[in-house]
Each structure stands twice: as C-alpha cells, then as structure tokens.
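Trainee: Could we go through this model together, with the reasoning behind each term?
Mentor: Gladly, let's look at it first.

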Amino acid sequence: MKQRLGIALGLALALMSLLGGPARAESGYDLWLRYQPVEEDYAAANQVAALVTGQRSPTLDAAALELKRGLTGLFGTPPAQGSAVAADGALVIGTSKSMPAIAALGLPLQGLGDEGYLIRSVSIDGHKATVIAANSDVGVLYGAFAFLRLIGTRTPLANLDVASSPKTRLRVLDHWDNLNGTVERGYAGASIWDWPALPEHVSRRIIDYARANASIGINGTVVNNVNADAAFLTTEYIEKEAKLADALRPFGIRLYLSVRWSAPIELGGLKSADPLDPAVKAWWQSKVDEIYRAIPDFGGFLVKANSEGQPGPQDYHRTHADGANMIADVLAPHHGVVMWRAFVYANDPKIDRATTAYNEFVPLDGKFRDNVVLQVKNGPLDFQPREPFSPLFGAMPRTSLMMEFQITKEYLGQQTHLAYLGTLYEEALKSDTYEHGPGSTVARVIDGSLDHHPVSGIAGVANIGNDPDWCGSIFNQANWYVFGRMAWDPEISARAVADEWVRQTFSNNPAFIAPVVDMMMKSREAVVDYMTPLGLALIMAHGHHMGPGPWDTIGPREDWKAPYYHRADAEGIGFDRVASGYVAQYHAPLKDAFAGVATTPEDLLLWFHHVSWDYRMKSGRTLWQELVAHYRKGVDEVAAMQAAWAKLGDDVDPERYAQVRDFLAIQHREAIWWRDACLAYFVQFSRRPFPEGYKPKYPLSYYEKMPYGASPKP
Ligand code: GCV
C-alpha cells in the first residue's frame, strides 16, 4: 500500500515538475529539523492542540516559533496559540517567571541548572497538558527542541517526565574559517560567514545555523580559524562580529574568536608580544574591553600558540601558562574564558611526536588560571581514524581540560566517505584513564566531575559550509548532530544518537532504521580497516590527506613523512612507543598492558609496537595476513553498505537517495585504492605472499604517481 502511494506521489511530483509546478527538491538543507508529517495512528494518539506562552523574550519567541513550525509540519495543522489553558492537549512553555501557570505547578526545577529543562505531563485547571519548563529562557528553547525530537522519534506524549541538563559547560563549534571565505579542512563549500555583507546583513542561513545548533545544545561558536588572522580583532571586524553575536544570542550561542598571538605587534604596532611585557597586556586589555563593549556576552579566546609555525609565548621564552594567564586575566572581569590548545609538537625526529604535548603541558599542571581550559585533541597525533586517547586526559588533575574532536573528516574520506563519528567519539569518551582508579573515564575528565573543575567542555572542528546540505553530504550531517548530543551528554550512546538522527532525517520505518543505523555503526571501523588498520596512523597523502601515501616523504619535517609513523622494514611494521617513552605516560594498568605486544589491544598494536611480519595474531593469522585481511574487510564493508542502501530507496526522496548511492560508489572505489596502494607498498617490506585470490591491481609505481584528486580506474 505504502509503495503504491509512493508511486502515485512520485508520478504526481514528476508531473508537477514537468508542468513547472512547485515540486521541492530535498537538498538536505533542513538537516534533522525536517518536521515531516507523522503517521495517522501516532497523530491520533498524540495531538498537541494549543501552544500556551507567557511573557516574551527573543529566546522564548524562538522557542514558540520553532514549536509552531515543528508541530505544524509534524501534525499538519498549526496549534492554536494562547496565554491560558482552556482545553485538554495544551503545551505550556516558560520559566516560573515568564509563565504563572508553571510557577503554580511547583515543579522541581532547582536541579536543572541554568540550561536544563523539564518536560512533564500535568493537569492545569482540570485539563491535561504538557509543560516545558526551565530556569532560563534558553532552557525552555532546549526543551522545545527536545519535545520536537520526542515527536520526531515517535515517543508517546502521554505521561512524559523528562529532565535533562548538559553535563558540560562549553559546547563549542570551532570553525577553521578564514577571512577570505575559505575553510581550512572544509569539504562543504565556502564559509557560512559572509564578512563582506556584515554588519549590515545577516543571512537566513545564519539563523538556521543557530537553530540547528540550539536543537542539539551547542552554546558557542569560534568563528575563525585557529591559524588566525589578526584582522579578526580590528574594530571593523568587531563590528561585524557583534552583528553575528546579536543574531546568535536568542539561540543561546556565544561568539568566541581565535586570536593570533602576535596581534599586538601586527595591529598595535608594539615591538613584542611577550606576555609579561606590561605594554602587551595593556594592548590586550584595551582590545578585550572594546570587544565586550560591542559584544557583552562574548565567550572568550581560542589560542593555537607555538604550534605548526604559529607565534606564541615561547617566542619570548615564556611558557604556555604565562601566555594563557595573561589573556585570562584580562578576560576574567568579563567572565570570558581562554581555550588554550595543547596541539604542539617539536620537529625532532628523535622525539616521538605523540609524547610532546604531555611533556610540555604536564609540568604546567596547576599553573593555569581558573578561566583557562586546555583544549586537547582526542588522540595525541591528529584526528586519525583510530588513535588511543591522549594521555593528557587524566594527567593534569589541577587543570580544566576540554575535548577537541574533529567533525570535518580531514582524515576519514573528507566529503564523500560515509563515516559516522559517533563511534569514534564514544570510544574516546568511554576510555578509562585510571587517574583515580577504574571509572576515571575521559568523559569524566572533560565534564569536570573527576577533579571538580568548574569549566568543562567539548569543542568540535565544524564540518559546515555553504553547500546546500551544509556538510557536503547528508551523512556528514549526522556527525554535527552526534557531536552536539555527546557534548550535552558525553555518556549517551552512539547507537541511540544514530537511531534518533535517522528517524528525524529520513524515516521512522523500522525496516529502514535498522539497516541504516547498522551501516552507520560499522562505517568508521570500515574506514579504519581500509585506511589505517591495526593502529597504523598518518599514512595519508601529504598535505591534503586525501588518499593513501604510505610512501610519502615530501615536506620539510621528519614528522610530516609517512615512514616516520609506520616504520615498515624487513623485520616488521609499527612504532615502538615503549622505547619512545609514550607508553609510560599512561596510568597503570594501561601502561602495563600497552607495554607488552600480547597484552596490547590488536586494534592498536602497530601504534604501540614494531611487530614482526610473522607474529601470530589472535585469529591464528600472521601479522602480514591479518593486515591484508583488514584491508580487504574494509572494502567488503563498503560493498555491504552499498548493497544495504540499494534496498532502501522507498523511504528516501530521490535527491538524497541518489547522493548517498553515488557517494558510496566513490567510497568503494577509493577504499579499493587505499587497500591496493597500501598493500602494494607494504609488500615490498614484508616480502610475504598475498593470500589466495587477492593481489593489488596495479604496481606500486602506479599508485605513487597518482595526482591529487584522481583515484584508480575501477
Ligand atoms: C588548523 C592538522 C591540520 C591543520 C590544522 C592543525 C591544527 O595539522 O592538518 O590543518 O590547522 O591540525 O589542529 O591546528
């Protein structure tokens, strides 16, 4: 029946478009906020008859507007709007202050903090009603989105009792967006910030960006690249940024800036940027005061200092703490924070790059001001398909630490490959640091609960651009979504989030949800398998990081060359990180487990050890055979995703369906490329035969000469 309706609808749409009618293309612009009609039986049991609001504010108006938009889409008719409950089925929203009916209910709001919400089925004046209540307007907005999510996932609305508050304080997107509109490591078009049009004009896209972020609890945005241009601190740009901040404010989003350490020289004409020079501090002081005059709720600064050629306090023989504290002191009176990045490494081939951030920052533990939070990438290298968690988590009890994830998939197939990062984030957050014995998870380090820090947070390097679908692909939207959901609750499961994303983005049909969630849950492991199995890392092509480059020795620095990482030779493959001192950076029992080849988890074996090609793995295969098996499995998983998607056309509009189908075909072709190129390269060291039925299609020289953007003919 459903299928016949689908065919009829398809014919009608085709006819309408032939006649030039309004058939609306599904570009993906609406993200997970599509609000498509619910099924008849759900609608019959769960109508929301009226929306009841009290006093107004920009944020409460945004909540009411979203509910109106959402309920109209989901139930087909707009809810009546009023200021009192007159019949059964009303939805009452507000704080105790804005809505007397909520105050009268005496709800337990105390524990919700200033961003949490309560959604509860109640009786008001003898009528059945639902309330969305909070201590703040933004809590009501988060509750409104949560209520729409309940409907989007078809949760029955009778007898609701949901209370939720974020576990982390800073839930921030880091945009690596440049002044000229390009995005570093962006694969979704140009920057969404239209600087030339500001301050006069803020586009509709910015409001929709704010809505999408509020719907998943993101409360901050760093608008410019960490490789920062000092121009973002000029008066001209502060005026533009203030306009953006005004547009984001109703949605609970604060604006932050990445700052260039040498800005006092470049903009202020000073001779130095030494953090202990009073003139330098005075410059920052006056700049910060200027910013807060324009943006009273400005969030603070993000700093990449003395990293990959960026200037920093070490240029003046000062420490990271000297630098961070100086700007923290000028931000403190305004309640601003400093997010100081721990992504530093030395260009010394004798030093294991993975050890450097720990060596540099652990001695500074306890030396940072309270409004400084150290922003640490999930792994010690650089957003690889798989890395162990950075040993800095759990090693700095007297410093606030926040997580930095990458949402944009610099190293995981960029625009086209389907790689759901929920499983990667979950793996990192659930990792046990053992800082205070078992249960000292990374999630508890970064939510501040383990060592009782007031500042806690998660940052995600955004995958957002001005492409019609925002993220370069429909499935990349899931990574923005899961980032926000895990920032709100670092203990939520990747599977649960995938399930709710699929329901809101595509369909509530169980026959669709199960295979798609399954694809998503396996997708990141597939990428690990066809790119960097068994703990390999950074063997991507130099610079752009798209495609294989285990042979790559281009570049000025040893630690930018692939052989530095994989260390393949006639004996075996992998990095001996016992010898490098890295293993010792973990707490027991991890450091004991990682010290032994047999006790190291096999999915990280070559990260920690240089292992003989003939080493016997748990499967009974030799290491060489196992490596080949993983590369092959990765390709097979992508083929399985293609086969699964091929059966699912009925529940997806043609435009989005075709994009996923086509991108999976690209992913399959490129997974084969990865497999064959890497194995053609590694076999020259292993000199072991390929298992029966497998051999790379082309000789190594073919892959080595492949130009950027090309991949082998299938
Ligand atoms: C913003 C990696 C990326 C760089 C990025 C850097 C960082 O090296 O390739 O593009 O620069 O990380 O996180 O600072």
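Mentor: What follows is a talk about the ligand site, the two sheets and a few backbone details.

Mentor: This is a predicted model, in which local features need pLDDT of at least 70, side-chain atom pairs count only at pLDDT 80 or more, and totals for chains, interfaces and linings use all residues. Residues are numbered from 1 along each chain as its sequence is written, and side-chain values use heavy atoms, with hydrogens and water left out.

Trainee: What makes a residue part of the surroundings of the ligand?
Mentor: A residue is near a molecule if one of its heavy atoms lies within 4 Å of it. By that rule 15 residues surround the ligand, and the closest are Glu184, Lys304, Arg341, Lys377 and Glu410.

Trainee: How does that shell divide into nonpolar, polar and charged residues?
Mentor: There are 4 nonpolar, 3 polar and 8 charged residues. Here Ala, Val, Leu, Ile, Met, Phe, Trp, Tyr, Cys and Pro count as nonpolar, Asp, Glu, Lys and Arg as charged, and the others, Gly among them, as polar.

Trainee: Why is the pair between Lys304 and the ligand called a polar contact?
Mentor: The term stands for a pair of N or O atoms within 3.5 Å; within protein, one must be able to donate a hydrogen and the other to accept it, and residues adjacent in sequence count only if both atoms are side-chain atoms. A polar side-chain atom of Lys304 lies 2.6 Å from an oxygen atom of the ligand, so the pair meets the distance limit. A side-chain N or O atom of Arg341 is 2.7 Å from a ligand oxygen, and for Lys377 the distance is 2.6 Å.
Mentor: The ligand exposes 330 Å² when taken alone, and the protein buries 96% of that. Such areas come from the Shrake-Rupley method with a 1.4 Å probe; for residues, only the protein chains shown count as cover.

Trainee: What makes β2 and β6 edge strands?
Mentor: The open sheet has 6 strands in the order β2-β1-β3-β5-β4-β6, with mixed pairing. β2 (80–82) and β6 (161–164) each have a single partner strand, so one side of each lacks a neighbour in the sheet. Strands are DSSP runs (E, at least two residues), as are helices (H or I, at least four), numbered from the N terminus.

Trainee: How do you know that β1 and β2 pair?
Mentor: Two strands pair if DSSP finds at least two bridges between them. β1 (residues 50–52) and β2 have 3 bridges in the parallel sense, so they qualify. In β2, Ala80 is the bridge partner of Ala50.

Trainee: Which strands form the barrel?
Mentor: The barrel closes from 8 strands in the order β7-β8-β9-β10-β11-β12-β13-β14, with parallel pairing. Within it, β8 (residues 220–222) and β9 (residues 254–259) share 3 bridges, with Val222 opposite Tyr256. Tyr256 also has Gly300 in β10 as a bridge partner.

Trainee: Where are the cis peptide bonds?
Mentor: One joins Leu198 and Pro199, with omega about 5 degrees; Pro199 is in the loop between β7 (170–174) and α6 (204–215). Another runs from Ala588 to Pro589, with omega near 5 degrees.

Trainee: What makes the phi of Gln414 worth a mention?
Mentor: Most residues other than glycine have a negative phi. Gln414 has a positive value near 55 degrees, and this residue is in the loop between β13 (400–406) and α12 (422–430).
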